Amino acid sequence: MWTEIRGYPLTAFLVCLFAYTTAQMDLALFGYAIPSIRQEFGLSLSGVMSIVSSAFIIGGLLITWLGLWTDRIGRRGMFQFSLVGSSVLVALHALVPNAWSLALLRGGSIGVGGLSYPVTGAVITEEFPARYRGLFMGLLQIGYPLGWALASLWAAWLLSSHGWRMLFLVGLVSLPYVWVVRRFIHEPERFRQARHTGADRPRVAELFGPDIRRRALLLFGAQFLFVWAYAASIFLFPSFLREARGLESFDFSLLIGAGNAIGVAGYILAAFTGEFLITRRNTVVIWALLGAVLFQVLVWWASDFRQMLIVYGLMSMFFYGSAAVKFAYLAEVFPTRLRATAMATCGSLAVTLGSAAGPLMVALAVERWGWHLGYSGLVGVPLVLAALVYLLLTPVPSGLEVEEVEALLAPK
């Protein structure tokens, strides 16, 4: 393996991993700040989730447009734009005068920062050797838990001593990294060739043509359901720990950060399993179903700090760790000239819409039925449905070049 990935592929992976981690850290800061934001602005749980939902709708529309431009003008330039824009927009959260200005800034940061998803995915997919592409695409996803773990360190220190506004200034930490991307990342040759030979500029409508429509719709639906469950679980978890378990900000920040750090093992295991043991599609299904079971255990059984840490860590390994193979599958089943557009639409747009709907609907259910019934029902059921939708997708053998995958999935 070393002889195939050393040099530029490994460099590109490490640069993308660090950038993806800092992007997730920037976006995760909001989750830790939610209880304090509710207190300052006098918001109910559903009230703050309506702001979150509005922000994700704004961000979803923005990221779809930015994904199109990533397929038109290039990965490298949009990568740098994402880093700079996200850092500035997150830091500006500290200055908002009211809840709706916070929603607007949040929407902008979700769209610009979320561009790291299709950009890094396109770079790794188009630069890595086929035999190890899926493995390293999966490993890239440990940026999720690492970003949340890093954000928890800042939250544990800043929330109790300086308040939630100072927490968002942490976004500026990732700003200088744009010079690293500028220095070490170049435009993938596959993209250069696809852009040169493409007859027209890529359009979102192409995803819903007869050759691609079925996989695009299934992936959009599965991603929407999964992220409904993911966003509701992770954004509401600090409030659950405070209101249903009685933990203070330092304790719940520590628990979530440590649990996500433990969950990194699940991302690595999922990436390895999907690359070398079974297909990525089947790995997603198994990981999601195990995650759904562990989430129910977390809500209904785990009560003290040690139990919650153990169960949350295991749940993160499977529930959140399934992203390692979802990401790789999504990136490889679309043509190169449409890859960033597809990842932005079937991936990021579905993510943002699921993130808009899930937390709000679960918050309303919690206010009506209580934490245990509302939280467990409206997170667990969508997660199981997402796993079932993935069963309708075509399993793709590992180790194929992206051109071979395209030929495999072409209508016969």
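Here is a walk through three helix pairings and the empty spaces of this structure, which is a predicted model.

Let's begin with how helices pack. Two packed helices are described by the angle between their axes and the distance between those axes. Take helix α8, residues 143–162, and helix α13, residues 249–277: their axes come within 8 Å and cross at roughly 165 degrees. That angle makes α8 roughly antiparallel to α13, and the crossing of this pair is left-handed. If you would like to find the contact on screen, α8 brings Tyr144, Pro145, Leu146, Trp148, Ala149, Ser152, Ala155, Ala156 and Ser160. From α13 come Ser249, Phe250, Ser253, Ile256, Gly257, Asn260, Val264 and Tyr267. By residue class, this contact between α8 and α13 holds 11 nonpolar and 6 polar residues, with no charged ones.

Next, move to α2 (8–41) and α5 (99–113). Here the axes of α2 and α5 come within 11 Å and cross at roughly 170 degrees, so α2 and α5 are roughly antiparallel to each other. α2 passes α5 in a left-handed crossing. On the α2 side, the contact is made by Ala23, Asp26, Leu27, Phe30, Ile37 and Phe41, while α5 offers Ala99, Leu102, Arg106, Ser109, Ile110 and Gly113. Charged residues do take part in this contact of α2 with α5: the division is 8 nonpolar, 2 polar and 2 charged.

The third pair is α4, residues 75–91, with helix α6, residues 116–127. α4 and α6 pack at an angle of about 145 degrees, and their axes are 9 Å apart. The crossing of α4 and α6 is left-handed. Arg75, Met78, Phe79 and Ser82 of α4 meet Ser116, Val119, Thr120, Ala122, Val123 and Glu126 of α6. Sorted by class, the residues of this contact are 5 nonpolar, 3 polar and 2 charged.

Now for the gaps between the atoms. Rolling a probe the size of a water molecule over the atoms shows where empty space is left. How many cavities of 30 Å³ or more does a search of the whole structure find? The search finds 3.

The largest cavity holds about 420 Å³ of space. Its lining counts 29 residues, and those nearest the centre are Gln24, Leu27, Tyr144, Tyr230 and Val351. Two of these names have come up already: Leu27 belongs to the contact of α2 with α5, and Tyr144 to the contact of α8 with α13. Which helices supply at least two residues each to the lining of the largest cavity? They are α2, α3 (45–73), α5, α8, α12 (213–243), α16 (323–332) and α17 (339–369). The largest share, 7 residues, comes from α12. In class terms, the lining of the largest cavity divides into 20 nonpolar, 7 polar and 2 charged residues.

The second largest cavity has a volume of about 70 Å³. Around this cavity you will find Ala19, Thr22, Ala23, Asp26, Phe79, Ser82, Leu83, Ser86, Ser87, Gly113, Ser116 and Ser174. Both α2 and α4 give at least two residues to this lining, with the largest share, 5 residues, coming from α4. Some of the lining residues also sit in the helix contacts described above: Ala23, Asp26 and Gly113 are in the contact of α2 with α5, while Phe79, Ser82 and Ser116 are in the contact of α4 with α6. The lining of the second largest cavity comprises 4 nonpolar, 7 polar and 1 charged residue.

Finally, turn to the largest pocket, where about 170 Å³ of space lies. This pocket is lined by Pro210, Asp211, Ile212, Arg214, Arg215, Tyr329, Leu392, Leu393, Thr394 and Leu409. Its lining residues divide into 6 nonpolar, 1 polar and 3 charged.

How values were computed:
Residues numbered from 1 in each chain as written. Predicted model: local features only at pLDDT ≥ 70, side-chain atom pairs only at ≥ 80, totals over all residues. Heavy atoms only, no water. Axes fitted to C-alpha atoms, helices over the stretch in contact; angles between N-to-C directions. Helix = DSSP H or I, 4+ residues; strand = E, 2+ residues; numbered from the N terminus. Parallel < 35°, antiparallel > 145°, perpendicular 65-115°, else oblique. Left-handed = near helix turned anticlockwise from the far one by under 90°. Contact = heavy atoms within 4.5 Å. Nonpolar A, V, L, I, M, F, W, Y, C, P; charged D, E, K, R; others polar. 1 Å grid on protein atoms, 1.4 Å probe; cavity = no way out; pocket = protein on both sides within 12 Å on 5 of 7 lines; lining within 4 Å. Points joined across faces, edges and corners; volume = space filled by probe spheres on them.
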